[in-house]
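This report describes how two chains meet in a structural model. Please consult the sequence and the structure shown here while reading.

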2 protein chains.
Amino acid sequence: MNVPAFPSKLLENAVNEFASLPGIGRKTAFRLVMHLLRRGEPEVTRFGESVIRLRNEIKYCRECHNISDNEICSVCSDPARERSIVCVVEDIQDVMAIENTRQYKGVYHVLGGIISPVDGIGPGDLKIGSLIAKAESGRLNEVILALSTTMEGDTTNFYLYKKLSHTGVEITTLARGVSHGDELEYIDELTLGRSLINRTPFSV
Amino acid sequence: MNVPAFPSKLLENAVNEFASLPGIGRKTAFRLVMHLLRRGEPEVTRFGESVIRLRNEIKYCRECHNISDNEICSVCSDPARERSIVCVVEDIQDVMAIENTRQYKGVYHVLGGIISPVDGIGPGDLKIGSLIAKAESGRLNEVILALSTTMEGDTTNFYLYKKLSHTGVEITTLARGVSHGDELEYIDELTLGRSLINRTPFSV
C-alpha cells in the first residue's frame, strides 16, 4: 500500500525526505515521521539540526582525509600514534572498524573509495597523490594496504603497490585466512586453500 | 557489533539521533548518516528543515483534530463533504486509510488514541468531549465508530455508545466479516462464525 492523500503538505514533505534514504520505504518513512511528531519540539529541532550541522560543519583531516571535527583528526593529532606506519583504507567506516580492534597504533590514510571501473571510479578520483607524497617524504617505514578482499580491492592494492614500490617503504597487507568462529565446512575453497598453504606454527 | 570510537562528535550526534527512532539500530543509523554525508549541502539542509518545520508548524484541525496545515483541515473545509456524518477514528493514519478507499463522503473525528487501561489511557486523554458536543448540537445524523477491532477498540466503542446514545444520533460501526482475498481455511473462527450469522443476500 502506498501512503495516499496526505492531510498536510508539511507531513508529506517530511515523509518524502525520509523515504529518500536508502532502505527506508514510504510506509517506514511515514511511521518515523509520525513518531517524531509525537516527540517534544526541542527534541525534534535537535534531530533536524544534528543532520544539518553534520553536513555543514564536518571537516576532513588534512593529513589522512578521515572525517573530523577539526583540521587534524584525533588519530593524527595523537602524539602516542606511530606516524611512520600508515594504514590505507577505503572509507571512514574502515578506520572505525580498525580502531575498534584496539590493535593498531599507527595512523591512517583514507582513500575515499576504491578503483572500480564498473562504477566509473579511477585512481584520479581517490586520494592517492597525497599517499605517494607521504611515502616519498622518507618519513614512512610501512604502508599497510587494508582494502576489501574483492576484485576492486585487489586491483587497488596492485595499483598502489606499483605506485609505491619505488619509494622503498615496506608494503604489507592484512593477513588472510580462516575467520575467528568459522566452521571449516562452510569456508569457501579459496580461503581454506590459501589458509593451508600459508599455515603458521601452532602456539598456545 | 556496536559502532565505536566516532572520529567526530557531529557524526556521533547525528547517528545517536537516528538511532533513537523506532526500528532503527545503530548500524542502520550510521549507514543513513553516511548516506546523508555524501549528499549535497542544500539537500541535507532541506531534509533537516523538513523535520523541524513539520514539528513546529503543524496544526491540528479545530473541527476534527486531524493533522492540517491550516486551522481547518482540507476535509472539514471541503463544501462537498457531508457534515452530518462523522466517522470516529483513532488516529490520522486511519483518516488516510479511509480517504484512500474514496468511499467516504462524510467528515471525521480523530480521537487521538483509544481507551487502554494497560497503557494508562482513559477517556479523559481522548478528544471525546468535543465529539459529544457535536452530537448534542443537533446537526449530526450519524456517527460511524471506525475503531480497531481489538479489545481496546471494542471498549472505546462501548464507552462512546453510552455517551452518545442520549443524543438520538444514529450510531453505526464498520461491517465485520471476511476480508477481500481471504482464503476460508485461514480465517479465524470468530470472524468466520460471525460472517455466517450475519450473512447477506447474494448479489451480482
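## Helix 3 against helix 3

In this predicted model, helix 3 of chain A and helix 3 (residues 41–57) of chain B pack with their axes 8 Å apart and at an angle of about 175°. Axes are lines fitted to C-alpha atoms, for helices over the stretch in contact, and angles run from 0 to 180 degrees between N-to-C directions. The two helices are therefore roughly antiparallel to each other (angles under 35 degrees count as roughly parallel, over 145 as roughly antiparallel, 65 to 115 as roughly perpendicular and the rest as oblique). Helices (H or I, at least four residues) and strands (E, at least two) are DSSP runs, numbered from the N terminus.

Among the residues that make this contact are A:V44, A:F47 and A:I52 of helix 3 of chain A and B:V44, B:F47 and B:I52 of helix 3 of chain B. Two residues are in contact if their C-beta atoms, placed from the backbone, lie within 7 Å. The residues of this contact divide into 8 nonpolar, 6 polar and 6 charged. Here Ala, Val, Leu, Ile, Met, Phe, Trp, Tyr, Cys and Pro count as nonpolar, Asp, Glu, Lys and Arg as charged, and the others, Gly among them, as polar.

## Residue B:I52

B:I52 lies in helix 3 of chain B. With 20 other C-beta atoms within 10 Å, B:I52 is buried (20 or more such atoms; exposed means 12 or fewer, and partly exposed in between). Leaving aside its neighbours within four places in sequence, B:I52 is in contact with A:V44, A:T45 and A:G48.

## Helix 3 against helix 2

Helix 3 of chain A also packs with helix 2 (residues 26–38) of chain B, at an angle of about 50° and with axes 9 Å apart. That makes helix 3 of chain A oblique to helix 2 of chain B. In this pairing, A:V51, A:L54 and A:R55 meet B:V33, B:L36 and B:L37. The residues of the contact comprise 5 nonpolar, no polar and 1 charged.

## The contact between the chains

The contact takes 45 residues from chain A and 45 residues from chain B. On the side of chain B that touches chain A, helix 3 of chain B gives the largest share, 15 residues. The residues of that side divide into 24 nonpolar, 11 polar and 10 charged.

## Conventions

Residues are numbered from 1 along each chain as its sequence is written, while chains are lettered from A and ligands numbered from 1 in the order in which they are written. As the model is predicted, local features need pLDDT of at least 70 and side-chain atom pairs count only at pLDDT 80 or more, whereas totals for chains, interfaces and linings use all residues.
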